[in-house]
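Trainee: Please take me closely through one part of this structure, and then connect that part to the rest of the chain. I would like the reasoning set out step by step.

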Amino acid sequence: MNVASGNTGGRRVYAAVAACAIVLYLGALWNQFALDDVPIILTNPLVAHPSGMWRAFAAPYWPPELGARLYRPLVIATYAFDQLVDGAVWFHAVNLLWHAAVAVAVVALARRWTDDAGALVAGLLFAAHPVHVEAVANVVGRAELMAGLFTVLAVYAALARERVGWSAFAWALGLLCKENAAVAPALIALGWWVGLARPDRRQIVRFVATWLLVGGAYAAVYTTVGHGFTRYDTVAPMFVGESPSTVRLTAVAALADVARLLLFPLTLRVDYSPDERTVVASPLDPRFVAGLLCALLWGALFVLAWKRGRRLEAFGLGWIGIALLPVANLIFPAGFYVAERTLYLPSAGLVLAAAAALARLPRPRVQPVVAALVLLGGIRTFLRVPVWRDDAAVTISITRDSPRSYLGHSRMAGVYLDRRDPARALVEARIAAGLYRRDPWIYVTGAVAAFSAREPRAADSLLAALERVCAGGCAATYYRYEAAVARAHGYPEAADSLLARLKRLPTP
């Protein structure tokens, strides 16, 4: 094959993968804003004004009333720009383009160590993987898409081109999108270790120097503006009050869920909260054993690929573990047990390893297998996208897919409030509180419902429970935010009652 035909073939692969990534998510253009889209986009003053495109770099990701934490300015800047162009349709269209760009970047990375056919396999599997729906179909999932793109580009620039400056620049952009881009240096080092690239010692020193420079600057800004990981509600509900050993045992058990979602993503859930998932307190718990077996199997496959010189397979398998580590609750407790959106970047390693493994099989046998995987994954993806249509659709999916989760009932309380049915909202809040007693949002939402249903005693009881589970000035934060939400949704009396109760709180 000559260079011209090779370039033509590569362009066709890129075009096919980009088209697949976009077509499967066209249904998202009919979606509105849901879940975290509301505070991050709809009610965020940074997004509402064009100046947010530059003011975002001096502001935390979450608004002050929700804790003023995390630092993802580049994502907020894109939202502020989108707001100038159009409404929900445009926001979702931009998400589709980001997803297509990531899929193309995965193709470029795979194509460096395979042929066009192998790169096409990797790109199509990535574009169609159903676990990506949460990241693509929900607007705030853009943080995953942007961080994923710049992480892949940073790795490509380092391993395929040995461009220190470009790799550092891409990594810096990724960090400005989401914290999980921090894994890029580890992925690059993994590529060196398995033999995908062999830079000389001076080049390695240059890379390490840029990592220290970029990482140090980012850590300083993140600590100052994003307030680190010290703010409230940054721990998954099931981990509140639990020992470090219980958190880690539960995290290992979660690897069974991760393996299922990456390999057999038939059942997808928006929520993995109590009592849909509960803590694991003993290494004899079958859930821990199942997660440990998944980890051991992954490790065995990685070692086998490495020892047999299957460099791209080893790299892809190692990529999964490295990309998963920051969100696996093994180093520190995260704000979730499992979140499907966080598997976006780890899945890139999966498709690289799969493409390399399939490339060793005869092509007539590979084609029907890949076609079946892409078709089945594409159908599951296409059918899953409407779940993110709006807040009500997401909430209904939680009650259907995770019937034991308290969060479905808690969110249904909000849905009933939107439907001007505070009595039923109060019933749902009470059910949620019966399932799980440590989430302050249950009580403050229930209190709005109780005030609106003319049941002040029930409201007082719920707010007393809120103050018991909140330490320091935490309760005041919930009061202020929910009062603003209540007023915006047409419950001024409930808002006034919350603010009156706020004035009686002791000063921390």
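Mentor: In this predicted model, Asp496 and Arg487 form a salt bridge in which the closest N and O atoms are 2.8 Å apart. Side chains of opposite charge can pair when their charged atoms come close. Neither partner is hidden from the surroundings: Asp496 is partly exposed at 43% relative accessibility, and Arg487 is partly exposed at 41%. Elsewhere, salt bridges with shared partners join Asp257, Arg260, Arg269, Glu276, Arg277 and Arg404 into one network.

The helix that holds Asp496 deserves the closest look. Residue 496 falls within helix H24, which runs over residues 492-503. This helix has 12 residues and reaches 17 Å from its first C-alpha to its last, close to the 16 Å expected at 1.5 Å a residue. Its buried residues are Ala494, Ala495, Leu498, Arg501 and Leu502. Viewed down the axis of H24, these residues fall within an arc of 125°, so they line one face of the helix. The listed positions include an arginine, Arg501, alongside alanines and leucines.

What does this buried set of H24 pack against? The partners are helix H21 (440-452), helix H22 (456-469) and helix H23 (474-488). Arg487 falls within the residue range of H23, and the salt bridge ties Arg487 to Asp496. H23 is thus linked to H24 both by packing against the buried residues of H24 and by that charge pair.

H22 can be read in a similar manner. Its end C-alpha atoms are 20 Å apart, which agrees with the 20 Å that its 14 residues should span at 1.5 Å a residue. The buried residues of H22 are Ala458, Ala459, Leu462, Leu463, Ala465 and Leu466. They cover an arc of only 155° around the axis, which puts them on the same side of H22. On the face turned away from that buried side, H22 carries the exposed residues Arg457 and Arg468. Cover for the buried residues of H22 includes helix H20 (422-435), H21, H23 and H24. H22 and H24 therefore appear in each other's packing: H22 among the helices that the buried residues of H24 pack against, and H24 among those that cover the buried residues of H22.

H21 takes part in the packing of both helices, and Thr445 offers a view from within H21. This threonine is buried, with a relative accessible area of 10%. Beyond residues up to four places away in sequence, Thr445 touches Ala413, Gly414, Leu417 and Glu482. Of these, Glu482 falls within the range of H23, whereas Ala413, Gly414 and Leu417 fall within that of helix H19 (residues 406-418).

H19 leads back to the charge pairs. Arg411 forms a salt bridge with Asp391, with the closest N and O atoms 2.9 Å apart. This pair links distant parts of the chain, since Arg411 is in H19 and Asp391 is in helix H18 (residues 391-401), 20 residues apart. Arg411 is partly exposed at 21%, and Asp391 is partly exposed at 24%.

Against that pair one may set Asp257 and Arg277, whose salt bridge also has its closest N and O atoms 2.9 Å apart. Asp257 is in helix H13 (residues 244-263) and Arg277 in the loop between H13 and H14, so distant parts of the chain are again linked, 20 residues apart. Are these two residues buried or exposed? Asp257 is buried, with a relative accessible area of 8%, and Arg277 is buried at 16%. Both residues belong to the network described above. In total, the count comes to 19 salt bridges.

The helix after that loop offers a contrast in surface character. Leu296 lies in helix H14 (residues 286-307) and counts as exposed at 52% relative accessibility. Together with Val289, Leu292 and Leu293, this leucine forms a nonpolar surface patch with about 350 Å² of accessible area.

A final point concerns Glu162, in the loop between helix H9 (142-159) and helix H10 (164-175). Glu162 counts as partly exposed at 32% relative accessibility. Leaving aside neighbours within four places in sequence, its contacts are Ala157, Arg198, Pro199, Gln203 and Phe207. Glu162 and Gln203 are 41 residues apart in sequence, yet their C-alpha atoms are 8.1 Å apart in space.

Notes. Residues numbered from 1 in each chain as written. Predicted model: local features only at pLDDT ≥ 70, side-chain atom pairs only at ≥ 80, totals over all residues. Heavy atoms only, no water. Helix = DSSP H or I, 4+ residues; strand = E, 2+ residues; numbered from the N terminus. Expected span 1.5 Å × (residues − 1). Buried < 20%, exposed > 50% of the residue type's maximum accessible area, 1.4 Å probe, protein only. Arc of directions from axis to C-beta. Contact = heavy atoms within 4.5 Å. Patch = residues over 30% accessible without salt bridge, like charges linked within 9 Å, V, L, I, M, F, W, Y side chains within 5 Å. Areas by Shrake-Rupley, 256 points an atom, 1.4 Å probe, with all protein chains shown as cover. Salt bridge = Lys/Arg side-chain N within 4 Å of Asp/Glu carboxyl O.
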